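Student: Hi! I have a structure open and would like to talk it through with you. Could you help me find my way around?

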Amino acid sequence: RFVAGAPIAAQWWRLFGSAKLDVLIEAALRASPTLEAAQATLRQARQNYEAKAGTTRYPQANANLGAQRQGVNNAAAGLPGGERTYNLFNASVAVSYDLDLASGNRRALEALAAQTEHQRHQLEAARLTLIGNLVTTAVIQAQLAGQIEASAAILAAQEEQLGLTRKRLTLGAASERDVLALQTQVEQTRAGLLPLRLRLDQNRHLLATLAGQPPATAALPEFTLADFTLPGELPVSLPSELTRQRPDIQAAEALLAAASAQRGVAVS
């Protein structure tokens, strides 16, 4: 049944009740190189913002402290006193602050903050895309496994029927035409199994790639239709509420805010 106004679970894939799928997604989120690249880009954007914020909001202070030991020989200059050795200490403090009279620095900082938000939404979009592709690929694998199992059962039944018809032929109760017709069905069914097995192999390779593992050495679960349970209740939300949850729309809004701030920098 549909539940109007119910919130959509953040971990929506758990509604399928598949422990194999849950473990696979958790492992993929840790090992995906795509997410690692997005996380590195987000860290870079945050560090750029923090560096700019420190120099924009607060004065910059530099302090230097030095000490050295020096010696002079007064006799070389024809002065009394001979050779003298003394210590020299020095200290300096410099404070600077960039007055943001036209708000250019503030708008530049605002642009960096918007760019950081954009990268954060991009990371969330990549995460949701990865999860969606993993779930879709796992369901397709279960579908292909079910088709192969059903086709194999049909092939076994047809081969059994072909064997019985051949026995009937030897007894004179069937014709050669019946045997050839059944043999054609058997070969057609057997030929149909090969593309299904090829698609299943391709599906396994795709699943391994999405999980961040080499296809040749990946240790991934095998999914069947029995591993999934359809949820009994489905949340129904307004389209306007769904758009506020989409990270691609939020990322576009962040880019708009960054462009507005950069325009402010140019104006200032």
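Tutor: Happy to; we'll go through a helix, some surface features and the salt bridges, and please keep in mind that this is a predicted model.

Student: Great. Let's begin with helix H6: how far apart are its end C-alpha atoms?

Tutor: They are 30 Å apart. That agrees with expectation, because the 21 residues of H6 (residues 247-267), at 1.5 Å a residue, should span 30 Å.

Student: And which residues of H6 are buried?

Tutor: Pro-247, Gln-250, Ala-251, Ala-254, Ala-258, Ala-261 and Gly-264. Looking down the axis of H6, you find the buried residues within an arc of 130 degrees, so they line one face of the helix.

Student: What do those buried residues pack against?

Tutor: Two helices: H3 (104-171) and H5 (239-245).

Student: Which residues are exposed on the other side of H6?

Tutor: There you'll see Leu-256, Arg-263, Ala-266 and Val-267.

Student: Back to H5 for a moment. What does Arg-244 touch?

Tutor: Leaving out residues up to four places away in sequence, Arg-244 touches Gln-250 and Glu-253. Arg-244 sits in helix H5 and is partly exposed, with a relative accessible area of 47%. Gln-250 is one of the buried residues of H6.

Student: Okay, new topic: the surface. Which residues make the nonpolar patch?

Tutor: Phe-2, Leu-234 and Val-236 make it, and the patch is about 290 Å². Phe-2 belongs to strand E1 (residues 2-4). With 64% relative accessibility, Phe-2 counts as exposed, because the cut-off for that is over 50%.

Student: Any odd backbone angles to look at? What is the phi of Ser-103?

Tutor: Its phi is positive, about 65 degrees, although Ser-103 is not a glycine. You'll find Ser-103 in the loop between strand E3 (83-96) and H3. Its relative accessible area is 23%, which makes Ser-103 partly exposed.

Student: Now the charges. How many salt bridges are there?

Tutor: The count comes to 14 salt bridges. Let's take a few from helix H3. Arg-107 forms a salt bridge with Glu-110, with the closest N and O atoms 3.0 Å apart. Both residues lie in H3, 3 residues apart, about one turn of the helix.

Student: Why does that spacing suit a pair in a helix?

Tutor: An α-helix has 3.6 residues a turn, so residues three or four places apart point the same way.

Student: Is Arg-107 buried or exposed?

Tutor: Arg-107 counts as buried, at 17% relative accessibility. Its partner Glu-110 counts as partly exposed, at 34%.

Student: What does Glu-124 pair with?

Tutor: Glu-124 forms a salt bridge with Arg-127, and the closest N and O atoms are 3.6 Å apart. Glu-124 and Arg-127 are 3 residues apart in H3, so about one helical turn separates them. Glu-124 is partly exposed at 32% relative accessibility, and Arg-127 is partly exposed at 25%.

Student: Which salt bridge links distant parts of the chain, then?

Tutor: Try Arg-190 and Glu-159, which form a salt bridge with their closest N and O atoms 2.4 Å apart. Arg-190 is in helix H4 (residues 176-210) and Glu-159 is in helix H3, 31 residues apart, so this pair links distant parts of the chain. Arg-190 is partly exposed, with a relative accessible area of 32%, and Glu-159 is partly exposed at 35%.

Student: Last one: which residues are linked in a network of salt bridges?

Tutor: Look at Arg-14, Asp-22 and Glu-26, which are linked in such a network.

Key: Residues numbered from 1 in each chain as written. Predicted model: local features only at pLDDT ≥ 70, side-chain atom pairs only at ≥ 80, totals over all residues. Heavy atoms only, no water. Helix = DSSP H or I, 4+ residues; strand = E, 2+ residues; numbered from the N terminus. Expected span 1.5 Å × (residues − 1). Buried < 20%, exposed > 50% of the residue type's maximum accessible area, 1.4 Å probe, protein only. Arc of directions from axis to C-beta. Contact = heavy atoms within 4.5 Å. Patch = residues over 30% accessible without salt bridge, like charges linked within 9 Å, V, L, I, M, F, W, Y side chains within 5 Å. Areas by Shrake-Rupley, 256 points an atom, 1.4 Å probe, with all protein chains shown as cover. Salt bridge = Lys/Arg side-chain N within 4 Å of Asp/Glu carboxyl O.
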